[in-house]
Amino acid sequence: MEFGDDTRIRLWNPAAERIFGWSHAEMIGRGGLPMAPPEKRAESEDLFARVLAGESVNDYETVRLRKDGARVPVSIAAAPVRDGSGRVIGNMVAYTDITERKAQEAEVHRLNDELRDRLEELAASRARIVNAGDVERRRLERNLHDGAQQRLVALALALRLVSGKLESDPDVARELLAGAGRELALALDELRELARGLHPAVLTDRGLGAAVATLADRAPFPVEIATMPDERLPEPVEAGAYYLIAEALTNVAKYAQASIVRVAVTASDGRVAVEVSDDGIGGADPASGSGLRGLADRVEALGGTLAVTSPAGAGTTLRAEIPY
C-alpha cells in the first residue's frame, strides 16, 4: 500500500484486503493509521516519520488491527517514495501476515522433506530393481548351465557316439539315438520353462485372463478368479499385473498357510485394480522382506501404488492400482 506525506492511503491492493479485511473502496483516501492499535500509534507514527525522512525499513515485526477488531502479527517493509528531483513525497509499505508466512514456510519445509524422502525412496527402489535384475540374470545363467546346457552337451557327445556305432553296432546306435531324443526333449522342456518365467507365451497370445488361469491351474491350492477385464490392456500393464499375481501366489504358497486364494482384476477410468486375497495366517509386513518390497517396486515403476492389508490371523490382501 502507498501513503502520501499526510499518511493518507493512496494504494490498497488485494493482499492488503485479505490481511486486514477492509476493501479498496473503504481505504483509499483514508488517513489516521486505521490499522494501528491504540498502544501502537506512537510506534507507527515514528516508523512513518523515519521513512518520510528517507529511511527504508525491512522485517519490522509488530501488531496491526483487522476490520473485525482481531489483532494480526505482521512484518513491515517500508520505503520512501521520491519524485523526479529526489524529494520524498510519500512512502510505500508492504505488510506480511506473520502467521500466514510461518504456515507457508512450514508447508515449504514439509514439501521439501517429502520430496527428499521420495527421492531417497526412488533411489532405493532403483537400486533394488537393479539388484533384482542382477539376481535374475544369475539365476538364469545357473539354470541354463546346470540344466539345458548340460543336457545339450550330453546330447552332442551321444551323437558323436552314434556316428561311430552306425556301421559297427546299429543296435547300440539306435539305443543311443533314443537316449539322445529323450535328452533333447528334456532340454526343450527346461528351455520352455525358463522362457515361461521370462514372459509367458499365453500372456502375449491370449491375454491376462488366460495367463492367470494358467497360474491358477498350477497353484497347490484352490484359486478363485473373480473378475477379469474383457478387453486387452497395454502390454506393460498386463505384464505388471501378471507378475504381481504370480509372485503373490508364490508368497501364499511359501508363507500364508491358506486354503483358498481369490484374484480379481478390474479396469475402468484408465486404471487397473489388481487384488489378491487369501484366508491364511496374515501378518505379512512389506518392510520385513524383499518379496513384497519387490512387488511394490514393480508396481511403482508403472506409476501405480500397492497396498497390503494383513492382520494377524485374518489373511492377507494385496491391492495394486496401475494407470494406463
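Buried means under 20% relative accessible area, exposed means over 50%, and partly exposed is in between. Keep that scale at hand for the exercises below, which explore a predicted model.

## Exercise 1: Placing residues on the scale

Task: Decide whether Glu121, Arg293, Arg118 and Arg64 are buried, partly exposed or exposed.

Solution:

- Step 1. Glu121 has a relative accessibility of 31%, so Glu121 counts as partly exposed.
- Step 2. For Arg293 the relative accessible area is 22%, which again means partly exposed.
- Step 3. Arg118 has a relative accessible area of 57%, so Arg118 is exposed.
- Step 4. Arg64 has a relative accessibility of 2%, and therefore Arg64 counts as buried.

## Exercise 2: A bridge between two helices

Task: Find which parts of the chain are tied together by the salt bridge of Arg293 and Glu121.

Solution:

- Step 1. Begin with the contact itself: the side chains of Arg293 and Glu121 meet at 3.6 Å, N to O. A salt bridge needs a side-chain nitrogen of Lys or Arg within 4 Å of a carboxyl oxygen of Asp or Glu.
- Step 2. Now locate both ends. Arg293 belongs to helix 9 (residues 290-301) and Glu121 to helix 4, so this pair ties together parts that are 172 residues apart in sequence.
- Step 3. As a reminder of the principle, side chains of opposite charge can pair when their charged atoms come close.

## Exercise 3: More salt bridges

Task: Work out where the partners of two further salt bridges lie, starting with Arg64 and Glu43.

Solution:

- Step 1. The structure holds 23 salt bridges. In one of them, the side chains of Arg64 and Glu43 meet at 3.7 Å, N to O.
- Step 2. This pair links distant parts of the chain, with Arg64 in strand 3 (residues 57-65) and Glu43 in helix 3 (residues 41-52), 21 residues apart.
- Step 3. Next take Arg118 and Glu114, whose side chains meet in a salt bridge of 2.9 Å, N to O. Here both partners lie in helix 4, four residues apart, which is about one turn of the helix.
- Step 4. Glu114 is partly exposed, because its relative accessible area is 27%.

## Exercise 4: An aromatic cluster

Task: Name the residues that form one aromatic cluster, and describe how their rings pair.

Solution:

- Step 1. There are three aromatic pairs in the structure. Trp12 and Phe20 make a tilted one, with 5.8 Å centre to centre and 40° between the planes.
- Step 2. Phe20 also pairs with Tyr95, this time edge-to-face, at 5.1 Å centre to centre and 90° between the planes.
- Step 3. The Phe20 and Tyr95 pair links distant parts of the chain: Phe20 sits in helix 1 (residues 14-20) and Tyr95 in strand 5 (residues 88-97), 75 residues apart.
- Step 4. Trp12 and Phe20 are buried, and Tyr95 is buried too.
- Step 5. Put together, Trp12, Phe20 and Tyr95 form one aromatic cluster.

## Exercise 5: A nonpolar patch

Task: Say which helix gives the most to the nonpolar patch.

Solution:

- Step 1. The patch on the surface is formed by Leu144, Leu152, Leu184, Leu188 and Leu191, with about 370 Å² of accessible area together.
- Step 2. Helix 4 (98-165) and helix 5 (170-198) are the elements that give two or more residues to the patch.
- Step 3. Helix 5 gives the most, with three residues.
- Step 4. Look at one member: Leu184 lies in helix 5. Its relative accessibility is 37%, so Leu184 counts as partly exposed.

## Exercise 6: Three strands and a helix

Task: Tell whether strand 7 runs parallel or antiparallel to strand 6 and to strand 8, then look at helix 8.

Solution:

- Step 1. Strand 6 (residues 223-227) and strand 7 (residues 261-268) run parallel, joined by four bridges. Glu224 has Arg262 in strand 7 as its bridge partner.
- Step 2. Strand 7 and strand 8 (residues 271-278) run antiparallel, joined by eight bridges. Opposite Ala264 stands Glu275 in strand 8.
- Step 3. The hairpin of strand 7 and strand 8 has two residues between the strands, and Asp269 takes a positive phi there, near 55°.
- Step 4. Helix 8 (residues 235-256) has 22 residues and reaches 30 Å from its first C-alpha to its last, close to the 32 Å expected at 1.5 Å a residue. After helix 8 comes Gln257, with a positive phi near 55°.

Key:
Residues are numbered from 1 along each chain as its sequence is written. This is a predicted model: local features need pLDDT of at least 70, side-chain atom pairs count only at pLDDT 80 or more; totals for chains, interfaces and linings use all residues. Side-chain values use heavy atoms; hydrogens and water are left out. The expected span of a helix is 1.5 Å times one less than its number of residues. Patches are made of residues with over 30% relative accessible area and no salt bridge: like charges are joined within 9 Å, nonpolar side chains (Val, Leu, Ile, Met, Phe, Trp, Tyr) within 5 Å. Accessible areas come from the Shrake-Rupley method with a 1.4 Å probe; for residues, only the protein chains shown count as cover. Buried means under 20% relative accessible area, exposed over 50%, partly exposed in between (1.4 Å probe, protein chains only). Rings of Phe, Tyr and Trp (its six-membered ring) pair if their centres lie within 6.5 Å; planes under 30 degrees apart count as stacked, over 60 as edge-to-face and the rest as tilted. Two strands pair if DSSP finds at least two bridges between them.
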